[in-house]
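Visitor: I would like to go through this model with short questions. Please reason each answer through and finish on the value or name.

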Amino acid sequence: MQEDPELRAITDKILKATEEKYGFIPVSNKVLSVRPDMFVPSADFSKCILDREDGAVPRKDRFLLAVSAAAAVGGEHCLKVQIKHAREAGASRDEILESIMIGSYMSMTRSQSYALRAYADEFNIEY
């Protein structure tokens, strides 16, 4: 596939800005950046939903939601990054902990939902 030089330049600019802002480039960005045609829209989407000043959900709350979601899906690396972003957006230690616990709780209840249905089916328990 032929690479678009304009998208490559945008990709390189985004990677440089990311490294300057956070001190590193996430692995997912490094890997996806080999395909600027996919990387640029992905980076734009990320910025649109998380890293903006305006929006219906306040910026700090968006990062707390990301912390909760990362905890729920077990995204170790995402969790570390989103905790850092949440702190930078003004989230307190307690807000971050509660967000982690909400995500963890949702993950637990999801697994219980499947496991307890299997249990109920095996032992003829109506639900």
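Visitor: What is the relative accessible area of Lys84?

Guide: Keep in mind that this is a predicted model. Partly exposed covers the range between under 20% and over 50%. Lys84 is partly exposed, and its relative accessible area is 35%.

Visitor: Which residue does Lys84 meet in a salt bridge?

Guide: Side chains of opposite charge can pair when their charged atoms come close. For Lys84 the N to O distance is 3.8 Å, inside the 4 Å limit. The two partners are four residues apart in helix H5, so about one helical turn separates them. The partner of Lys84 is Glu88.

Visitor: How far apart are the closest N and O atoms of Arg8 and Asp12?

Guide: Arg8 and Asp12 are four residues apart in helix H1, which means about one helical turn between them. Asp12 counts as partly exposed, at 38% relative accessibility. Arg8 and Asp12 form a salt bridge, with the closest N and O atoms 3.0 Å apart.

Visitor: Which residue forms a salt bridge with Arg8 at 3.1 Å?

Guide: This partner is partly exposed, with a relative accessible area of 37%. Its closest approach to Arg8, N to O, is 3.1 Å. The residue is Glu3.

Visitor: How many salt bridges are there by this rule?

Guide: The rule asks for a side-chain nitrogen of Lys or Arg within 4 Å of a carboxyl oxygen of Asp or Glu. Lys21, Asp51, Glu53 and Arg59 are linked in a network of such bridges. The count comes to ten.

Visitor: What is the length of the polar contact between the side chains of Asp51 and Arg59?

Guide: Asp51 lies in the loop between helix H3 and H4. Leaving out residues up to four places away in sequence, Asp51 touches Lys21, Tyr22, Ser46, Arg59 and Phe63. The side chains of Asp51 and Arg59 are joined by a polar contact of 2.4 Å.

Visitor: Within what arc do the buried residues of H1 fall?

Guide: An α-helix has 3.6 residues a turn, so residues three or four places apart point the same way. In H1 the buried residues are Arg8, Thr11, Leu15, Thr18 and Tyr22. Seen down the axis, they line one face of the helix, because they fall within an arc of 90°.

Visitor: Which residues are exposed on the other side of H1?

Guide: The buried residues of H1 have cover that includes helix H2, H3 and H5. On the other side of H1, the residues are exposed, over 50% in relative accessible area. They are Pro5, Glu6, Lys13, Lys16 and Glu20.

Visitor: Which residue caps the N-terminal end of H1?

Guide: H1 runs over residues 5–22 and reaches 26 Å from its first C-alpha to its last, close to the 26 Å expected. At the N-terminal end, a side-chain oxygen lies 2.8 Å from the backbone nitrogen of Glu6. That oxygen belongs to the capping residue, Asp4.

Visitor: Which helix gives the largest share of the largest nonpolar core?

Guide: This core has eleven residues, among them Leu50, Phe63, Leu79 and Ile96. Helix H4 and helix H5 each supply at least two of its residues. The largest share, six residues, comes from H4.

Visitor: Which helices are included in what covers the buried residues of H4?

Guide: The buried residues of H4 include Arg59, Phe63, Val67 and Ala71. Phe63 touches Gln82, His85 and Ala86, among others. The cover over the buried residues of H4 includes H1, H3, H5 and helix H6.

Visitor: How far apart are the end C-alpha atoms of H4?

Guide: H4 has 15 residues. At 1.5 Å a residue, they should span 21 Å. The end C-alpha atoms agree with this, being 21 Å apart.

Visitor: Which residue has a positive phi although it is not a glycine?

Guide: Two glycines have positive phi values: Gly23 just after H1, at about 85°, and Gly74 just after H4, at about 75°. The residue in question sits in the segment after H6. At 70% relative accessibility, it counts as exposed. Its phi is about 55°, and it is Asn124.

Note on methods. Residues are numbered from 1 along each chain as its sequence is written. This is a predicted model: local features need pLDDT of at least 70, side-chain atom pairs count only at pLDDT 80 or more; totals for chains, interfaces and linings use all residues. Side-chain values use heavy atoms; hydrogens and water are left out. A nonpolar core is a set of buried Ala, Val, Leu, Ile, Met, Phe, Trp, Tyr and Cys residues joined through side-chain atoms within 4.5 Å. Buried means under 20% relative accessible area, exposed over 50%, partly exposed in between (1.4 Å probe, protein chains only). Contact means heavy atoms within 4.5 Å. A polar contact is a pair of N or O atoms within 3.5 Å; within protein, one must be able to donate a hydrogen and the other to accept it, and residues adjacent in sequence count only if both atoms are side-chain atoms. The expected span of a helix is 1.5 Å times one less than its number of residues. The arc is that of the directions from the helix axis to the C-beta atoms.
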